[in-house]
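Please find below my notes on this entry, set out as numbered points. They start with an internal cavity and move outwards from there.

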Amino acid sequence: MKTKTLSLMLLIGFFGIKTSKAQDSTGVIKHSVHISPFAGYNSTFKAPVFGGEVGYEYRLNKHWGFTAGINLAYIQKNNPAIGYINNNGSITQAKNIKVLQNAMYAGAKYYIGRFYLSAELGYQDEYQTTNFPYTGTGSSYNNGTYATNGFYQAYGLGYQIPLKKGDNIEIFAKGSGANNTSFTAGFRYSFGLSKRR
């Protein structure tokens with residue numbers, strides 16, 4: 001499945017570059033960097049997710065842009081359905097699960113006017129810690145952090161609002177993840193690094 005998705009993205013990118021040479025590219029900023037807060041819901045942990053990203057976009061023409069960036073996301077699930085059986089037969093319920101994710105990615109955007117579709121592929125690390133309460137106290141303990149990594153994928157759509165001096169604000173929504181899936185929405189502020197062509 002992942003190989004088919006990657007092959008499809010490369011094929012779309014190849015044909016997009018091939019046909020872009022004949023297209024008018026006036027009115028776009030060639031280079032930009034962005035910062036982006038986001039929030040949403042992780043469907044695997046059934047918990048809210050918050051995060052942010054920093055990235056770069058190279059705008060090939062008015063239809064195609066190529067992106068690269070890094071993002072960081074935090075998930076916390078309180079009172080998860082996880083526990084263990086004590087020596088006396090009672091069950092100790094976990095207090096919470098805390099998950100920290102970071103991803104590095106490269107991708108592409110296809111613009112239709114101010115709207116765009118996006119796809120990003122890359123690498124993600126995930127660090128998961130389950131905390132258990134001490135009996136009779138407010139503090140907690142854990143047995144260490146469980147780390148995993150995987151093939152990061154993100155697919156989304158957005159709307160770009162041009163500002164003065166080549167800057168933009170984008171409103172976007174996407175589904176993303178490697179070992180689990182988050183659905184997020186946010187806004188992106190892009191700083192134009194070149195003049196409009």
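Which residues line the second largest cavity?

1. The model is a predicted one. In it, the second largest cavity is lined by K109, Y116, S118, E120, L157, F172, A173, K174 and R188. Strand 7 (115–133) and strand 9 each give two or more residues to this lining. Sorted by class, the lining has four nonpolar residues, one polar and four charged. The space inside comes to about 40 Å³.

2. Several of these lining residues also take part in ion pairing. A network of salt bridges links E53, E57, K109, E120, E170, K174 and R188; among the residues that line the second largest cavity are K109, E120, K174 and R188. The structure has six salt bridges.

3. K109 pairs with two glutamates, E57 and E170. For E57 and K109 the closest N and O atoms are 3.2 Å apart. This pair joins distant parts of the chain, with E57 in strand 2 and K109 in strand 6, 52 residues apart. E57 counts as buried because its relative accessible area is 5%, under the 20% cut-off. K109 is likewise buried because its relative accessible area is 5%.

4. The salt bridge between the side chains of K109 and E170 has an N to O distance of 3.0 Å. Here too distant parts of the chain are linked: K109 belongs to strand 6 and E170 to strand 9, 61 residues apart. K109 and E170 are both buried.

5. E170 also meets R188 in a salt bridge, at 2.9 Å from N to O. E170 in strand 9 and R188 in strand 10 are 18 residues apart. Both residues of this pair, E170 and R188, are buried.

6. The structure has two cavities of 30 Å³ or more. The largest cavity holds about 120 Å³ of space. Its lining is made of 15 residues, and F38, A73, Q101, Y152 and S176 lie nearest the centre of the cavity. By class, the lining of the largest cavity has five nonpolar residues, nine polar and one charged. At least two lining residues come from each of strand 3 (64–78), strand 6 (96–112), strand 9 (168–177) and strand 10 (182–192).

7. On the outside, V33, I35, V54, Y56, I70, M104, Y123, F191 and L193 make a nonpolar surface patch of about 800 Å². Strand 1 (31–42) and strand 2 (47–59) each contribute at least two residues to the patch. One of the patch residues, Y123, sits in strand 7. Y123 is classed as partly exposed because its relative accessibility is 35%, a value between the cut-offs of 20% and 50%.

8. K98 lies in strand 6. K98 counts as partly exposed because its relative accessible area is 33%. The C-alpha atoms of K98 and Y127 are separated by 8.1 Å, with their positions 29 residues apart along the chain.

9. As for the overall make-up, the chain has one helix and ten strands. Reading from the N terminus, the order of elements is α-β-β-β-β-β-β-β-β-β-β. Of the 197 residues in the chain, 38% are buried.

Methods:
Residues are numbered from 1 along each chain as its sequence is written. This is a predicted model: local features need pLDDT of at least 70, side-chain atom pairs count only at pLDDT 80 or more; totals for chains, interfaces and linings use all residues. Side-chain values use heavy atoms; hydrogens and water are left out. On a 1 Å grid over the protein atoms alone, a cavity is a set of points where a 1.4 Å probe fits but cannot get out, and a pocket is an open set with protein on both sides within 12 Å along at least five of seven lines; lining residues have an atom within 4 Å of a point. Grid points are joined across faces, edges and corners, and a volume is the space filled by probe spheres set on the points. Helices (H or I, at least four residues) and strands (E, at least two) are DSSP runs, numbered from the N terminus. Ala, Val, Leu, Ile, Met, Phe, Trp, Tyr, Cys and Pro count as nonpolar, Asp, Glu, Lys and Arg as charged, and the others, Gly among them, as polar. Patches are made of residues with over 30% relative accessible area and no salt bridge: like charges are joined within 9 Å, nonpolar side chains (Val, Leu, Ile, Met, Phe, Trp, Tyr) within 5 Å. Accessible areas come from the Shrake-Rupley method with a 1.4 Å probe; for residues, only the protein chains shown count as cover. A salt bridge is a side-chain nitrogen of Lys or Arg within 4 Å of a carboxyl oxygen of Asp or Glu. Buried means under 20% relative accessible area, exposed over 50%, partly exposed in between (1.4 Å probe, protein chains only).
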